[in-house]
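Student: Please take me through one sheet at close range, with the cut-offs behind each term, and then place that part in its wider setting.

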2 protein chains.
Amino acid sequence: MLDEEIKIEDKIEELLRMTADKRYRELKLQLVEMNEVDIASFIEELDSEKTVVVFRMMPKELATEVFACLPVEKQQHIITSITDYELRSIIDDLYVDDAVDMLEELPASIVKRVLQNSSPDTRKLINQFLNYPENSAGSVMTAEYVGLKKQMTVEEAFAYIRKYGVDKETIYTCYVMDEKRRLEGVVTVKDLLMNPYDTVLGDIMDVHVIKAYTTEDREEVVDTFNEYSLLSLPVVDKENRLVGIITVDDVMDVMEQEATEDFEKMAAMLPSEKPYLKTSVFQLAKNRLPWLMILMVSSMVTGGILLKYENAFAAIPLLVTFVPMLMDTGGNSGSQASTMIIRGMAVGEVEPSDIMKVVWKELRVGVLCGVGLALVNFIRLMLQYPGQLMICLTVVMSIFFTVIIAKTIGCTLPILAKVIHLDPAIMAAPMITTIVDACSLMIYFQLACRLLGLLG
Amino acid sequence: MLDEEIKIEDKIEELLRMTADKRYRELKLQLVEMNEVDIASFIEELDSEKTVVVFRMMPKELATEVFACLPVEKQQHIITSITDYELRSIIDDLYVDDAVDMLEELPASIVKRVLQNSSPDTRKLINQFLNYPENSAGSVMTAEYVGLKKQMTVEEAFAYIRKYGVDKETIYTCYVMDEKRRLEGVVTVKDLLMNPYDTVLGDIMDVHVIKAYTTEDREEVVDTFNEYSLLSLPVVDKENRLVGIITVDDVMDVMEQEATEDFEKMAAMLPSEKPYLKTSVFQLAKNRLPWLMILMVSSMVTGGILLKYENAFAAIPLLVTFVPMLMDTGGNSGSQASTMIIRGMAVGEVEPSDIMKVVWKELRVGVLCGVGLALVNFIRLMLQYPGQLMICLTVVMSIFFTVIIAKTIGCTLPILAKVIHLDPAIMAAPMITTIVDACSLMIYFQLACRLLGLLG
């Protein structure tokens, strides 16, 4: 898309010039030809005064589509600058999921004005959707789906879609419900196209519906989409009544957010709500400090171990110089293993029941890596400190055992965390490093005391 | 999906019992009712002998769909067990992208047999697709799209889709091409449904086509899908001729793979080709050793710094006990910052041009975190070592400056890597930790020498 993207940026430049020169008629002609996503990128670049001018220039339907693509600050600015009448038409045309996403971030006073200016039906729906727990299937779904009856023929179904489909988020998968809105089956537009006009939907619908429950975790929704390659997924309540659908574009957003959350957790941070550049310095520090504290206090234990072997490094100061290498190598070896397992569990590839297989694998990987690293170290030490065979052996053996233990701890702890229903992501690099540090120093100084005949 | 998943597992159990009891007629009736993904999960559980028996039981079309969902080992087993005639029918019915994915992993002798048993057209297409570079748009696309002409009416378009649509990977977005197969526009089935039968496609098609080039990186394809919420994306060659399409389900797979690759790179591993449990011990060690070596050698530099200040910790051995805490806290602070920036750049939220904004932000976050950590340390040290005010100040000031420098290095290096066209992910926790370790020890011992009057 590189060519295309440069073109879009040039286009936005051109539109900005038109706006500056107040060539509004020309601008309007350009806008109606464009994609709502690109128009939103253009409006993001405008100052507050021009934003409303340009926004009002667009036909109502396009304006609503663009509105849905804008960041919440711009939405807020537009809401506070337009009339109640204009606001009403936008809110009633927005998809419920977009309206809810916006309302969750707006200040209370503006939420109140928005709800006052939506129709009773919309208001009821929005309030219902606002109540689904965060990260649940209910919080990602929208209400604009095509609902059909099983007595309908293909021809009637097409007539219905032609009449009502224009406002739906997807028309390609239609849901067949009974009179109590209980989900009975799905029929795709492809099925409709491949069958004669007089076929009854009951005969062609798929009754084995893959569905989600409103309270289900959104990560499970992502897994279902991935497994079955879906375009949309119906969401039902406990009585199997259809309450909404989740579309694939929203699932892709969730995938991206969940991956970002895992990256943050694995680097010892609390997940942030907003993009990095929009998160305040205070909030960033608040997300990072708790784990830094916990890990700092834990690493004092490691310091205590060093203190215990004070005599050893007082006798042979050279010993201390290998501490950073041992700690770093141990930490890195352990976090390699833990990362593989945490990610493997996140994508459903590794299960806690695989623990023996995993440990056996990591033990052997540890031996291979340990031998490689020990060998390189041996050569280096024999060249650098030719006379010091015992010190050399101490370091080399420590490296070897540290790597094996690091791999074992690194692969075991995330699985154990999952078993006791903790998030495996907390057992990532920072935590593993702290634990492995302590182990590697114990091994090192124990070996040093034995091999070099020092007092522990 | 919890209920549903348990149901599926029970279902597979039941099918396995049927197979064991050779109740094949009953089994066949069950299979034709099921989803191809679930049938594939069932076949995965079968031994090699039963696999072919069950596979042959299914109607041809279903068998091909199930075949596409199987892991490559099962595919290979089936290919070697069926006749050339059966093989031919499967290969010609497979979507090209599925065929290519499979062929890329099969041994050469089997690839040869597969190609010999496909029709000349299919063979030509497969060979063409096999030649697109790895990770390019061409390597993810498939050839089964609906191509229309702009002179067609809506009615003709529907007739065409009814006739040929059944074999296409998606029918919902159709591509309008001229006689030289150059892409002229797109029209969705929704557009077709919302317009009268006699409308000409040229009048309703969208000529601002969002598209990709065959050689484009697949990460850019993911970005385009995310930005414009697409269901499919046309892929063209340099002459703007349509050669294939990418569908959203394949993009979701790519998203997951790319995130996994980033997790691996950020934990200092070379990305693996296969899932963890299917990767050999030797391959895992091979992916992990190079970075372990590089980082081990780098951390020897840190050891060298310690050696330089041998006199300092010989005079006051207590100093050494704070080394692990300083190294760990510095490493963690730095990798928090680098993770945020690497991820921010991966999702297109942070650009290299934001570098000044980012550094200024991290400086302030560093001050906040540094003050917090220093304070906790100060209290702890004054309680634990009441008389040692100067040592306490040395440690506290070192923590403070280490955190600030770690944040700055952590946010700067990934951006610099991107600027010089390296993958920012290599500037993650392990690399940052190694660099920050050296810095924090330098600060610590410099401060110690000055404040405590030691000889450096």
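Tutor: Strand β2 (residues 173-177) of chain A runs antiparallel to β3(A), and 5 bridges join the two; strands here are DSSP runs of E with at least two residues, helices are runs of H or I with at least four, and both are numbered from the N terminus, while two strands count as paired if DSSP finds at least two bridges between them. This is a predicted model, in which local features need pLDDT of at least 70 and side-chain atom pairs count only at pLDDT 80 or more, whereas totals for chains, interfaces and linings use all residues. Residues are numbered from 1 along each chain as its sequence is written, chains are lettered from A and ligands numbered from 1 in the order in which they are written, and side-chain values use heavy atoms, with hydrogens and water left out.

Within this pairing, Cys174(A) has Val187(A) of β3(A) as its bridge partner, and Tyr175(A) stands opposite Val186(A) in β3(A). The two strands form a hairpin with 5 residues between them, and in its turn Arg181(A) has a positive phi of about 65°. The hairpin belongs to an open sheet of 3 strands in the order β1-β2-β3 of chain A, with mixed pairing; its edge strands, each pairing on one side only, are β1 (147-148) and β3 (183-188).

Chain A also has an open, mixed sheet of 3 strands in the order β4-β5-β6, whose edges are β4 (212-213) and β6 (242-247), each paired on one side only. There β4(A) and strand β5 (residues 232-236) pair in the parallel sense over 2 bridges, and Ala212(A) has Val235(A) in β5(A) as its bridge partner.

Elsewhere in chain A, Glu261(A) and Arg218(A) form a salt bridge with their closest N and O atoms 3.8 Å apart, the term meaning a side-chain nitrogen of Lys or Arg within 4 Å of a carboxyl oxygen of Asp or Glu. Glu261(A) lies in helix α16 (residues 248-266) and Arg218(A) in helix α15 (residues 218-228), so the pair ties together parts that are 43 residues apart in sequence. Over all chains the count comes to 32 salt bridges.

As for the wider setting, a rotation of 180° with 0.1 Å of shift along its axis superposes chain B on chain A with an RMSD of 0.2 Å, by least squares on the C-alpha atoms of residues with pLDDT of at least 70 in both copies. The two copies are therefore related as by a two-fold rotation axis. In the interface, 122 residues of chain B are in contact with 123 residues of chain A, contact meaning heavy atoms within 4.5 Å. The area buried between the chains is about 11,200 Å², of which carbon and sulfur atoms give 68%; buried area is the accessible area (1.4 Å probe) that two parts lose on being put together, summed over both. The count between chain B and chain A is 2 salt bridges, and in a salt bridge between the chains the side chains of Glu362(A) and Arg288(B) meet at 2.8 Å, N to O.
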